[in-house]
Amino acid sequence: ALNFAQSPVSGSLTGSGGQQVTEQVSMDAYIYSPISSGVAVYVRNVGTATITLDSGAMFFDGLTATDSAAVFAGTKCSALATAYQMSVGTVCYFSFTTTPLNNAANAATAGTAHAIKVVSKTGGTFVFNVLAGRSG
């Protein structure tokens, strides 16, 4: 099931980087069903400058998460011409497993809400919320 973000600009600019006014990322949609497939988050650069997401600064419920190798429809952020570099208007996705760092205590269950946070190379912080779908 494809879930669409309700807010046109879902990312919040909470970091202390120098590009906060020009770096804006929205979550267009996410896929989180079945849970065993992990979550794919589709983001769009809606700002006025190119953004490079920091692949080492991605979080699932506050825990460091690694962009998984899972393949969904669309362009993976790591597969852009320059990995994770989004020009204005670019849409791409990144994905996480349901258990960041293979920690079973942090596994998602159906109906639970989870915070996704990504940080740009200049310190812009973007936070999105997703709801886990069905388990099977």
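**View 1. The largest nonpolar core and its best-connected members.** Welcome to this predicted model; we start inside the largest nonpolar core, which has 27 residues. The members that touch the most others are Tyr32, Val39, Val43, Phe94, Phe96, Ile116 and Phe128. Several strands contribute: strand 2 (25–31), strand 3 (39–45), strand 4 (51–60), strand 7, strand 8 (113–120) and strand 9 (125–131) each provide at least two residues of this core. Strand 4 gives the largest share, with four residues.

**View 2. Phe96 and its surroundings.** Take a look around Phe96, leaving out its neighbours within four places in sequence. Its contacts are then Gly38, Val39, Met58, Phe59, Phe60, Ala65, Thr66, Asp67, Ser68 and Ile116. Two of these, Val39 and Ile116, appear with Phe96 in the list of core residues that touch the most other members.

**View 3. A separate core of five residues.** Another core lies apart from the largest one, and this one has five residues. Among them are Ile31, Ala40, Tyr42 and Phe72.

**View 4. Aromatic pairs.** Across the whole structure, a search finds three aromatic pairs. In one of them, the ring centres of Phe72 and Tyr93 are 5.9 Å apart and the planes stand at 85°, so this pair is edge-to-face. It links distant parts of the chain, since Phe72 is in the loop between strand 5 and strand 6 while Tyr93 is in strand 7, 21 residues apart. Both Phe72 and Tyr93 are buried. Phe94 and Phe96 make a tilted pair, because their ring centres are 5.5 Å apart and their planes meet at 45°. These two residues, Phe94 and Phe96, are buried as well. Look also for the cluster that ring pairs build from Tyr42, Phe72 and Tyr93.

**View 5. The disulfide between Cys77 and Cys92.** The structure has one disulfide. Here the sulfur atoms of Cys77 and Cys92 are 2.1 Å apart. The torsion about their S-S bond is about 85°, so the disulfide is right-handed. Cys77 sits in the loop between strand 5 (63–64) and strand 6 (85–86), and Cys92 in strand 7 (residues 91–96), so the pair ties together parts 15 residues apart in sequence. Cys77 and Cys92 are both buried.

**View 6. A lysine over an aromatic ring.** To finish the tour, find Lys117 over the face of Phe59. The distance to the ring centre is 4.8 Å. You have already met Phe59 in View 2, as one of the contacts of Phe96.

How values were computed. Residues are numbered from 1 along each chain as its sequence is written. This is a predicted model: local features need pLDDT of at least 70, side-chain atom pairs count only at pLDDT 80 or more; totals for chains, interfaces and linings use all residues. Side-chain values use heavy atoms; hydrogens and water are left out. A disulfide is a pair of cysteine sulfur atoms within 2.5 Å. Buried means under 20% relative accessible area, exposed over 50%, partly exposed in between (1.4 Å probe, protein chains only). A nonpolar core is a set of buried Ala, Val, Leu, Ile, Met, Phe, Trp, Tyr and Cys residues joined through side-chain atoms within 4.5 Å. Contact means heavy atoms within 4.5 Å. Rings of Phe, Tyr and Trp (its six-membered ring) pair if their centres lie within 6.5 Å; planes under 30 degrees apart count as stacked, over 60 as edge-to-face and the rest as tilted. A charge sits over a ring if NZ of Lys or CZ of Arg is within 6 Å of the ring centre and within 35 degrees of the ring normal.
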